[in-house]
Amino acid sequence: SVPDIDRAQFDAIAADAKKDGSTLNDFSTTLLLVAYHTDGFLGGAQIGDGLIAAQLAAGNYVPLLTAESGEYASETNFLTRSDPASFKKRTFGARPQSDLRSIILMTDGVADDFMPADRHLTQIMDPVFLHLHEPDEKAQAELIKLLGYEIRGSFDDRTLVVIYNERLVDSKDLLAARIQARRNAATPVGQLPPSAQSTALIAKP
């Protein structure tokens with residue numbers, strides 16, 4: 001099961017901050033957390049914005065938690081501003097009934113550009129998986145380049161984490177065909193010159 005985060009643990013963060021002359025606000029951050037075990041257990045937690053989604057065996061994407069917003073529009077919640085009593089509501093734990101193709105974590109700098117996820121996430125993830133067919137070093141370079149796409153109004157940092165099952169990833173030819181079909185339909189992923197800070201982390205279980 002997913003462990004509880006209680007008041008004592010939260011207060012310990014504040015105490016550690018005070019020791020080195022910091023304040024709790026110096027540790028303000030959103031949080032996306034996933035734990036996946038080869039026995040099939042999937043758990044995680046989310047505080048603030050961003051996206052955690054699972055790609056099911058059929059290829060569709062399902063968000064696993066809902067992003068938190070703040071009191072005002074365009075404001076998010078942070079770990080240090082959230083009530084520890086509410087943390088349990090921000091977690092999940094389950095054993096999916098079918099194999100998962102992948103688990104995706106995205107900061108809002110990526111996720112907000114491809115909402116709703118169940119309809120638009122393939123626009124970014126098909127190119128991601130296409131590059132994963134490349135050797136690791138080349139794939140890393142291409143993925144960082146991909147995350148440099150330009151969309152008007154998109155300016156936040158972009159971090160993408162993918163855990164995927166190599167056996168279930170679509171073939172290179174199928175991915176390339178889908179991407180080309182999307183371009184022919186005039187729904188491009190976006191332009192690719194460098195823009196916001198971009199980070200890509202790929203994990204093979």
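Start by colouring the chain by burial: in this predicted model, 39% of the 205 residues are buried. Switch on the surface next, and you're looking at about 11,700 Å² of exposed area, with carbon and sulfur atoms supplying 53% of it.

Now go to cartoon view. You should find 6 helices and 8 strands. Trace them from the N terminus and the order reads α-β-β-β-β-β-β-α-α-α-α-β-α-β. If you like drawing contacts, take those between residues at least 6 apart in sequence: 72% of them join residues at least 24 apart.

Time to go inside. Select Met106, Leu121, Ile124, Met125, Val128 and Phe129 and show their side chains; these have the most contacts inside the largest nonpolar core, a set of 26 residues. Which elements give two or more residues to this core? Highlight β3 (51–56), β6 (100–106) and β7 (158–164) among the strands, then α2 (108–111), α4 (122–131), α5 (136–146) and α6 (172–184) among the helices. Keep α4 selected for a moment, as the largest share of the core, 5 residues, comes from this helix.

Before leaving this core, centre on Val128. What does Val128 touch, once residues up to four places away in sequence are set aside? Pick out Leu143, Leu146, Leu160 and Val162: Val128 is in contact with each of these.

Last stop: hide that selection and bring up Ala54, Phe92, Leu100 and Leu105. They are among the 9 residues of a second core, separate from the one you just visited.

Methods
Residues numbered from 1 in each chain as written. Predicted model: local features only at pLDDT ≥ 70, side-chain atom pairs only at ≥ 80, totals over all residues. Heavy atoms only, no water. Core = buried A, V, L, I, M, F, W, Y, C linked by side-chain atoms within 4.5 Å. Buried < 20%, exposed > 50% of the residue type's maximum accessible area, 1.4 Å probe, protein only. Helix = DSSP H or I, 4+ residues; strand = E, 2+ residues; numbered from the N terminus. Contact = heavy atoms within 4.5 Å. Areas by Shrake-Rupley, 256 points an atom, 1.4 Å probe, with all protein chains shown as cover.
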